[in-house]
Amino acid sequence: MDSFQDSLQLQPLTSPVPLLVAPELFRRLRAFPDHESRRAFLAQESEKPFSPFFPRGEHGGDFLYRRGRGLRFQWKAPASMPGPYQVELSEEADFRHVRIFRAQKIWAQHRWESFVEVKEYEANLKVGTPYYWRVRFTPLPPMQTPEALSPVSRFVTEDLPPRIISREKLFSVDGRVANSRDMGGWRTGEGRRVRQGLAYRMEAFDDPSPDTIHPGRNRLSLADREFFLEVLGIRTDLDLRTPAEVGKAGISPLGPGVQYYNLPVEGYEVAFTPEQREATGAVFHLLAQPQIYPMVFHCLGGADRTGMVAFLLNGLLGVPENDLCLDWETTFLPHLPCEEYQCTFRCCQRLLDALKEYGGPEVPLQEKIHAFLQTCGLTSQELLRIQEIFLE
């Protein structure tokens, strides 16, 4: 196979650098040293003049939300190479694992487009990750032109977690799985990264059970289901809701091919009570099993019970306290809970207060969480295994 370096010429991507985009307001929130200062900043922002299209406190559209961006791969080709073409995208420079996006044929002109547009959810880019891409020309019979490869081009995504999978709807009118994001992408205090593509936190795939027996309405469209199964490769659905919320179906809304676990927990400091430690331990016993990944975990809205498990998991891995709180806050942006809702506003502090029992001010948060999970029945080997699974 020949490689025509001068025939297929790659053009700059239409998105100058195909990032996961963080608006400046979100960057400012990340720069604050603690939850209280972020809340005070958003309180000031809510007093500024606002658009009539958004309620007070809403910052509208992409202004605050961190969202993915679609890509447009483009190239130039001589008339002797009319197509078809495909773009090959890989995280490895040697293209060991390749994702393929095909150009479309313009039937009226008997040629193929010299670009490929990839939608946000199709791109599904990780944060802080280099990507390599090239174009392959594969002629159809009876053409005698040999197959050709373009040069390789490279880009790097923005190193700014959290990696948002979906804030609102995925890509259909019926489907809706909000508050979805990757647990990975965060840096530990030692500079290691939490591996992406293993665990995703989100809201439930279905509504609460109407009668404690039958499952609630499935929120997933066919396109949503295909996304979770084919793009994210989900193997396990961990449901943190109570049996009354779930009903008695015992099957994931993603289908029988996904292993389903219903392990109900309580949120925040209630998880630290003797009655709840066994339930919390059951969740982390499961997380210590490498064969369950990639997996999703959720409660009803993906905020409190899910947020508590996410806090403990990333804290166990060594993610700093401020980033743990910022990940929790991302659920509620563009608002932060205010003092009218003390039970929600103080959630991160309630977790931190409950962990004080497991070490004084001089003890790192990671060690406190390690000690707490041991009281839930986790062995040192299991806790080490979780760290080995998640840390790059």
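Strand β3 is covered on both of its faces in this predicted model. In a regular strand, side chains alternate between the two faces of the sheet. On one side of β3 sit Y85, V87 and L89, on the other Q86, E88 and S90, and every one of these is buried. Put as a tally, 6 of the 6 residues in β3, which spans 85-90, are buried. So the side that carries Q86, E88 and S90 is no more open to solvent than the cut-off of under 20% relative accessible area allows, because that is what buried means here.

The neighbours of β3 in the sheet are easy to pick out. Strand β8 (residues 130-137) pairs with β3 in the antiparallel sense, over 6 bridges. Within that pairing, Q86 has R136 of β8 as its bridge partner. Strand β4 (residues 99-102) also runs antiparallel to β3, and here 4 bridges do the joining. In this case E88 is the residue to look at on β3, with I100 as its bridge partner in β4.

Next comes the empty space. Rolling a probe the size of a water molecule over the atoms shows where such space is left. The largest pocket comes out at a volume of about 400 Å³. It is lined by 17 residues, of which E91, R99, N124, K126 and V231 are the closest to the pocket centre. The lining is a mixed bag: 7 of its residues are nonpolar, 5 are polar and 5 are charged.

Toward the other end of the numbering, T306 is a residue worth zooming in on. T306 belongs to helix α7, which covers residues 305-317. It counts as buried because its relative accessibility is 0%. The T306 side chain reaches the backbone nitrogen of C299 at 2.8 Å. Leaving aside residues up to four places away in sequence, T306 touches R201, M202, L240, F297, H298 and C299.

Helix α8 (residues 321-330) is mostly covered too, with 8 of its 10 residues buried. The buried set takes in D323, D327 and E329, along with L324, C325, L326, W328 and T330.

The backbone has a few oddities as well. Most residues other than glycine have a negative phi, and most peptide bonds are trans. Two prolines go against the second habit. The bond from P161 to P162 is cis, with omega near 5 degrees, and P162 lies in the loop between β10 (153-156) and β11 (164-166). Y293 and P294 are likewise joined by a cis peptide bond, this one with omega of about 0 degrees. P294 is in the loop between α6 (274-287) and β16 (295-298).

Positive phi values turn up at T212 and Y268, neither of them a glycine. For T212, phi is near 65 degrees, and the residue is in the loop between β13 (199-202) and α4 (222-231). T212 counts as partly exposed because its relative accessibility is 41%. For Y268, phi is near 55 degrees, and its place is the loop between β15 (259-262) and α6. Y268 is buried, since its relative accessible area is 4%.

Technical notes. Residues are numbered from 1 along each chain as its sequence is written. This is a predicted model: local features need pLDDT of at least 70, side-chain atom pairs count only at pLDDT 80 or more; totals for chains, interfaces and linings use all residues. Side-chain values use heavy atoms; hydrogens and water are left out. Helices (H or I, at least four residues) and strands (E, at least two) are DSSP runs, numbered from the N terminus. Buried means under 20% relative accessible area, exposed over 50%, partly exposed in between (1.4 Å probe, protein chains only). A polar contact is a pair of N or O atoms within 3.5 Å; within protein, one must be able to donate a hydrogen and the other to accept it, and residues adjacent in sequence count only if both atoms are side-chain atoms. Contact means heavy atoms within 4.5 Å. Two strands pair if DSSP finds at least two bridges between them. On a 1 Å grid over the protein atoms alone, a cavity is a set of points where a 1.4 Å probe fits but cannot get out, and a pocket is an open set with protein on both sides within 12 Å along at least five of seven lines; lining residues have an atom within 4 Å of a point. Grid points are joined across faces, edges and corners, and a volume is the space filled by probe spheres set on the points. Ala, Val, Leu, Ile, Met, Phe, Trp, Tyr, Cys and Pro count as nonpolar, Asp, Glu, Lys and Arg as charged, and the others, Gly among them, as polar.
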